[in-house]
Every structure is written in structure tokens, then in C-alpha cells.
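Subject: Structure handover

Hello,

Please find the structure we discussed below. My notes come after it.

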Amino acid sequence: MTLPPTDPTDPDPDPDLDLMLAGAEELSEEELAGLAEPADGELAGLAEPADEDLAKLDERLDEELARLGLDLDAACAGTCPEAGHGGPGAAAALFGGGFAEGGVLDGLGPGPALAGFSQGAVDEGLGGLSDDELVGVLRASWRLSAWQAGVELAAVAELDHRRVRAAERPGSSLADDHVAAELAAALVLTGRSADALLGLARDLARLPAVRKALLEGRIDRARAVVFAAELAGLGDIAAAAVAMGFAGIAGSMTTGQLRAAVKAMVLWLDPAAARRRAEQGQGQARVEAWPEGSGNAGLAGRELPAADAVAADKRITAIARALKDAGAPGTLDQLRAAVFVALLAGRDPESLLPTPGPGQADGESEPDRNPAGAGAPGDGPGGSGPTGPAGAAGSGGPGPGGLAALAGTVHLVMPAAAWLGLSDAPGEAAGSGPLDAWACRDLAARLAAGPATRWQVTLTGPDGRAVAHASPRAGPGPPGQPPGGPPGQPAGPGGGRDWLAGPGGGRDWLAGLRFDWLERRTCSHLRQTPRYQPPDRLQNLIRARQRTCSFPGCRRPATRCDLDHTLPYDQGGPTCECNLSPLCRMHHRTKQAGGWNLTQPEPGVLVWATPHGRTYTVTPDPYLA
Ligand SMILES: [Zn+2]
Ligand SMILES: [Zn+2]
């Protein structure tokens with residue numbers, strides 16, 4: 001089966017493609033792999049253009065403009081000196097705002113026309129553009145790079161296709177090596193980079209929706225890499241289907257968000273395969289040490305069991321927070337690193353505490369917690385105080401056993417059905433991303449055994465958003481393991497069902513929790529408080545609703561953010577769900593910088609106005625539905 005050439009400049013390159021994708025299940029795997037095979041026409045123009053090619057390009061440009069309902073020559077008549085109609089001034093005049101927000105060029109797909117106007121803007125001088133137009137040019141260049149990445153990968157795929165076809169023993173690793181060697185020579189790449197490029201081109205060969213989105217400038221290369229990596233474990237048809245589902249919205253997600261969303265979908269589709277992959281991965285378990293470019297060194301455990309890694313990470317945070325509260329100097333990140341290495345090197349983390357004496361407080365790293373100038377000094381809506389949900393078990397300091405005995409708070413989120421063991425739907429440990437159901441139950445079992453651990457439960461609705469949250473409670477966690485299961489070993493499939501059974505089982509445990517239901521749309525101000533500092537319960541609720549900083553794309557966990565009054569407290573902003581959201585230090589400062597403005601039109605929906613005039617809306621990241 002062959003397809004007509006895909007024309008990257010055509011906004012609707014191949015209407016048939018969608019139809020064929022809709023019927024993808026009827027295609028054989030080979031046919032699927034052959035979808036959107038790059039045609040020679042797609043690659044034309046890579047060499048020095050001949051005059052006739054330029055004439056063709058001009059023709060195509062005119063066609064594109066005509067399609068947009070614009071006649072460049074007529075509009076230019078008498079105003080621009082003949083061929084000079086590429087500039088931003090002309091563009092703005094012609095294209096209803098040009099590169100400005102909502103202007104035609106701001107939404108124009110990548111292709112020769114957009115490239116021409118983009119170059120025209122540079123030629124005329126970017127200095128003449130408004131901030132808004134400048135951001136429009138920036139966004140256009142991003143789409144153009146994505147388009148060209150699509151062309152590059154199509155060219156690699158075509159070369160690969162030719163070599164594989166000509167190979168005596170197709171599929172041999174020798175044939176692979178030779179294609180990579182050609183790429184390495186042509187592009188001056190290391191062998192590893194050439195292998196990666198070839199691997200990406202091959203991965204995308206079975207993800208036609210991703211290739212199409214790339215050529216249309218809707219996603220960039222980095223997002224294409226996420227698709228390729230996260231879908232590697234799925235069969236061709238399922239992988240193509242997931243890619244199709246996400247390709248349309250991937251451009252509005254950061255790579256981190258996209259990775260989490262696609263990973264979650266893979267866990268949904270084939271939890272057993274995901275588990276097998278995790279177990280295979282554990283065969284590659286290792287500790288890596290490497291020199292950092294700065295002259296320091298890196299140390300990391302790789303392919304560890306997820307439950308172990310989450311538990312260890314929470315413990316490091318708990319100890320670091322306790323140290324910080326006790327006056328140890330440094331940021332939380334620095335303290336976490338110091339605790340990590342102290343524990344591994346066999347030093348007591350208490351050795352990181354400053355020796356008692358005056359002037360030991362670390363004023364430098366003390367957060368600017370009180371932007372509104374109201375409330376108790378130094379006791380703003382801080383996420384780093386002992387009231388934070390990831391705080392050191394709410395302790396007033398290390399208890400018996402010292403700092404090393406701390407376990408921290410684990411915020412495990414699962415759909416209610418999975419909590420109850422009725423499904424193998426994935427969950428997640430807040431701050432650690434999606435976990436398969438086995439890893440979740442493993443973690444639950446491990447932590448239930450540790451009396452120092454505190455628990456939070458978030459229930460999610462069908463759209464994956466948090467709908468209710470039970471505040472932390474100390475003591476035994478959910479029974480996560482049927483009796484007799486060896487601790488630390490994943491429960492087998494279906495093992496979770498036993499979880500329900502018997503007195504003291506999961507159902508009783510869940511029934512004993514007191515849930516707060518989140519406000520949506522119009523706030524009833526039920527939990528509003530006159531105080532500046534939100535009570536723990538409200539803090540936990542906000543952090544369950546929004547797991548990350550509320551700045552577009554920021555992945556800083558809410559447990560490590562301050563809760564910011566969107567409308568400052570001293571200007572009448574209430575301490576309520578409808579006026580609080582987590583902001584990391586950096587974006588708290590961004591909010592206060594000139595030209596920025598933040599509003600919260602409904603609980604959990606944050607609208608950022610920027611100095612360049614555009615606004616960006618942030619809604620809470622859905623949990624796994
Ligand atoms: Zn309210
Ligand atoms: Zn942030």
C-alpha cells in the first residue's frame with residue numbers, strides 16, 4: 001500500500017490519512033508501519049533550489065495566500081516596493097495583526113509562507129516588533145523547527161528503508177550499524193547519536209499521527225521523543241492508537257506532563273505488560289557514578305523497585321525538612337542531597353545540624369513567605385514549615401531513634417476502584433509520577449508496616465481531577481497485602497481483591513477516613529478562614545487539587561511550594577479554596593514582577609497575564625482517571 005506524498009505545507013495534508021487511521025485495526029502491522037511513508041516529493045528542495053523550483057515555490061505561496069483569502073500583490077500595490085512584501089509591517093497590515101496574538105501568522109501552519117514571513121521579520125529588524133508580535137515570531141520559529149525535524153526524520157526513515165530493502169539479511173544488526181554509520185558520517189555524529197536518530201525515525205514509522213503532528217508543527221521533536229520512548233512497550237496498533245489520541249493535545253502539555261499522561265495510558269491499556277517491563281528493567285538495576293561537568297560528581301540508583309525509590313525519597317525529604325526546621329543551613333534541595341550522601345556514606349544526618357551558637361540561622365534561604373505583609377511574620381502560607389503535608393510527620397523534631405528514623409508522608413493517589421482492589425488501574429505517588437497497581441500495593445504494604453508513616457488519600461472523578469481528599473492520618477495505612485504475601489514483593493494479579501475482605505480490610509479502612517469535597521466553579525467559601533495562614537486541612541486540600549506549582553508548565557511539586565493568596569490577603573483576598581494556589585519560590589517572584597498579573601476566576605483555575613500581553617490559563621493536572 002502506498003500513500004500520496006504528504007505535503008507539509010498543506011494544512012490538511014492528506015484527508016485520507018485520517019480515514020485510514022480510523023480503520024487502523026483492519027490494517028496489517030506492515031501496512032501500519034508503511035503509513036505516511038515519506039515520498040520523494042516530501043524531500044524535494046533539500047538540495048540547492050533550481051529556478052523552476054523557486055517559481056513553483058512562489059506559485060505555492062500564492063496558492064496558500066489565496067486559500068487564506070489574501071491577495072498579496074493587490075494589497076501591496078502602491079504600498080510596498082515590489083518584492084519586499086515579507087516584512088512584519090506588511091505582514092501586520094495584510095494579515096489582521098500579523099504575528100500578534102490572534103493574527104493570521106500566529107496561527108499559520110509551518111511551510112514556505114511562514115518561513116518567508118519569519119525571515120522577513122528578521123530582515124526588517126525584530127526591534128520594530130511589539131512584544132506580542134515578537135512572541136508570535138518565536139512561536140512561529142518553534143513550529144518551523146518542528147516541521148523541519150519532521151522532514152529530517154522522514155529523510156532518515158527513507159534512507160533506512162532503502163538500505164533495509166537492499167540488505168542481504170534484513171533485520172541483522174550489521175545492516176543497522178551500516179545505516180547508522182552513514183548518518184554519522186553525513187551529519188558528523190557520534191555513533192551513539194546516530195543510533196538514537198535512527199531509532200527515533202524507526203519508532204515514529206509506526207506512529208503516523210506523531211509524524212503528521214511534527215510536520216504540521218503541532219508538536220516538537222522533544223515531544224516526539226516522549227511518544228517514541230513511552231510507547232515502546234506497546235504493540236504497533238495500540239501504540240498508534242495512543243499516539244493518535246494524544247497527538248492533538250500534546251502541544252499544550254510540557255514534555256513532563258505528556259510523559260506522565262502517556263505512561264498512565266500505557267499502564268491502563270496493558271498493566272501486565274507494564275509490570276513485565278518493570279521486572280525486566282530490574283534486571284538492569286545498578287548504581288551509577290559519574291563526574292559532573294562542574295567538577296562535582298553524580299550518584300544515582302537506576303532501575304530500582306518503584307516502591308523502594310518512593311519510600312527512600314520521602315525519607316530523604318522528611319529528614320532534610322527536620323534538619324531545616326532545626327536550623328541547618330541551605331535550601332531543601334541542598335539538604336536533601338546532603339542527607340542522601342550522609343546516609344549512604346554511613347554518617348548520622350544529625351551531623352549536618354549546625355553546632356549551637358548565636359547567628360546560626362540561615363537568613364539567605366529563609367523563604368519570603370509573607371508577600372502581603374500580613375499575618376505572623378515569617379509564618380506565611382509556607383509549604384516548608386512543619387504544617388506542610390510532606391512535613392516531617394508533623395513532628396516538632398526528631399523523635400526516638402533520631403532523624404534517621406523519620407519516614408515522611410506518602411500521598412498515594414489511586415482511583416477508588418483500584419484502592420479497593422477491584423481493578424488494576426494505575427495510581428501514583430504524589431511527586432513520583434504514575435505507578436502500576438502492583439507498585440502501588442507494594443508501596444502501601446511497605447508503608448503500612450512503618451508506624452511513622454502518615455497517609456493521605458485523594459479520590460478522583462471520571463475526568464481524573466481530584467474530587468475529595470482525606471487529610472493525613474498517622475498510624476497504620478491501608479492494608480495493602482493479602483495475608484501471607486511476603487512484604488516488599490508485589491502482590492500477584494488479583495491479589496488486591498483480598499484487600500477488601502475481612503474485618504479491618506480495605507473497605508473498613510476507607511470508611512474510617514473523613515473526606516473533604518473540593519469546591520468547583522462557584523465557591524461556597526465553606527472552608528474560608530479569617531486567618532492569613534490556611535489551616536492544615538485546607539492546605540492539604542489545595543495541594544491535593546493542584547499537585548504542582550500553578551505556573552504554566554512548572555512541575556515543582558505542590559508539597560514544595562508555598563500557598564499563595566491569588567488576590568493578596570491585605571487587599572481583601574480571602575483565605576479560601578477560591579483564592580489559594582501553590583506557587584514555587586521562583587514563580588512567586590514572577591507573579592510579583594512588573595507586567596505580570598494572576599487571577600483565579602474559579603477555584604483551581606489560574607489565569608496568568610504576561611508582560612508581552614498574552615494570557616495563559618492553568619487548570620489542575622488531572623490525576624489518573
Ligand atoms: Zn471560596
Ligand atoms: Zn513554579
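The notes below go from the whole chain to one helix and then to one pair of strands.

This is a predicted model, so please read everything here as computed from it.

Overall. The chain has 625 residues, of which 39% are buried. Its secondary structure comes to 23 helices and 13 strands. Among the contacts with a separation of 6 or more, 65% are between residues 24 or more positions apart.

Helix α14. This helix covers residues 236-247, which is twelve residues. At 1.5 Å a residue it should span 16 Å, and its end C-alpha atoms are indeed 16 Å apart, so the expected and modelled lengths agree. The buried residues of α14 are A239, A240, V242, A243, F246 and A247. Around the axis they cover an arc of only 165 degrees, which means that they sit on the same side of α14.

Strands β1 and β2. Strand β1 takes in residues 286-291 and runs antiparallel to β2, with six bridges joining the two. One of the residues involved is V287, whose bridge partner in β2 is G301. The two strands form a hairpin, with five residues between them. In the turn, G295 has a positive phi of about 105 degrees.

How many of the six residues of β2 are buried? The number is zero, so strand β2 (residues 297-302) lies largely in the open. A residue counts as buried here if 20 or more other C-beta atoms lie within 10 Å of its own.

Regards

Note on methods: Residues are numbered from 1 along each chain as its sequence is written. Chains are lettered from A and ligands numbered from 1 in the order in which they are written. This is a predicted model: local features need pLDDT of at least 70, side-chain atom pairs count only at pLDDT 80 or more; totals for chains, interfaces and linings use all residues. A residue is buried if 20 or more other C-beta atoms lie within 10 Å of its own, exposed if 12 or fewer, and partly exposed in between; C-beta atoms are placed from the backbone. Helices (H or I, at least four residues) and strands (E, at least two) are DSSP runs, numbered from the N terminus. Two strands pair if DSSP finds at least two bridges between them. Two residues are in contact if their C-beta atoms, placed from the backbone, lie within 7 Å. The expected span of a helix is 1.5 Å times one less than its number of residues. The arc is that of the directions from the helix axis to the C-beta atoms.
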